[in-house]
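Reader: Hey, can you walk me through this one? I'm new to reading structures.

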Amino acid sequence: MAMQYGSEIVPTQVSDQMHVVCGGPELQGALGASLTPGAEVSLEENLRAALGRLCEMKGYDLVLVDSGPGDTRLLDAYMAASRWLVVPTIWDEGSLAGVETVGARYARAVKAGSEIELLGAVLTKVDPAASKQNREVLEDLAAMLGDVPPFTSTIRYKRAEAADARRYGLSAREVSVEAVRQRRSRLEGLRARANGQKAQGDSVSWWSRGSKSGTGLADDYEALTREILTRMRERSLV
């Protein structure tokens with residue numbers, strides 16, 4: 001509604017420090033309206049104005065816009081409304097081709113007058129043990145990005161932690177804290193049963209509770225966050 005008609009954006013509060021605005025298949029309706037012959041719908045102007053009003057009202061420190069590389073017309077609107085661009089990718093050829101697609105839309109946005117600036121690309125779903133492969137992919141990214149180096153921080157692939165984060169609506173750090181709590185609770189339950197006492201356990205099954213270390217994924221995200229904010233600050237001072 002905001003992109004098609006300029007309506008107000010209504011966020012959903014998911015924590016004390018985070019609000020979320022959900023997209024979904026309805027975005028295709030705005031996309032279709034903008035492509036209708038004779039229609040005077042500017043997704044870029046509507047989104048930029050709606051986000052501006054929302055940020056002024058809520059006083060947000062940072063707004064993150066998440067999009068896949070395939071929605072090119074929507075990407076144009078997002079880039080017109082954004083100041084910085086971070087490109088996530090994984091190691092395979094298809095994802096690296098997606099980086100090229102985003103790069104083409106980025107060049108188009110800059111040519112159209114957007115103030116957006118590329119901060120870098122980040123390698124995700126990384127196997128920490130595949131150091132040679134990770135190094136080669138980062139080298140390929142560096143060659144693709146030219147003067148903008150990829151982020152040194154990478155995001156490892158932790159299936160259980162990622163699944164629980166989505167399942168329960170928690171951050172990676174919150175999942176790691178809960179996984180540690182559940183492991184301790186399970187040990188206490190085993191000790192209680194060994195002493196003939198009734199164990200107090202969790203009735204909800206967490207996939208990440210058996211992980212030896214649940215902090216790795218959260219540490220990766222926090223390291224990447226620091227690196228992104230540092231680059232933003234350095235670029236702003238130039």
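**A buried aspartate, two helices and the cores**

Author: Sure, start with D220: its relative accessibility is 10%, so D220 counts as buried (under 20% relative accessible area, with exposed over 50% and partly exposed in between, using a 1.4 Å probe and protein chains only). This is a predicted model, where local features need pLDDT of at least 70, side-chain atom pairs count only at pLDDT 80 or more, and totals for chains, interfaces and linings use all residues. Residues are numbered from 1 along each chain as its sequence is written, and side-chain values use heavy atoms, with hydrogens and water left out.

Reader: Ok, where is D220, and what is it in contact with?

Author: D220 is in helix α9, residues 215-237 (helices are DSSP runs of H or I, at least four residues, and strands are E runs of at least two, numbered from the N terminus). Leaving aside neighbours within four places in sequence, D220 is in contact with T154, I155 and R156 (contact is heavy atoms within 4.5 Å).

Reader: New topic: which residues touch the most other members in the largest nonpolar core?

Author: That core has 31 residues, and M3, I9, M79, L85, V87 and L118 touch the most other members. A nonpolar core is a set of buried Ala, Val, Leu, Ile, Met, Phe, Trp, Tyr and Cys residues joined through side-chain atoms within 4.5 Å.

Reader: What does L85 contact, leaving aside its neighbours within four places in sequence?

Author: M79, V102, Y106, I116, E117, L118, L119 and G120. There's also a second, separate core of eleven residues, with V122, L217, L224 and M232 among them.
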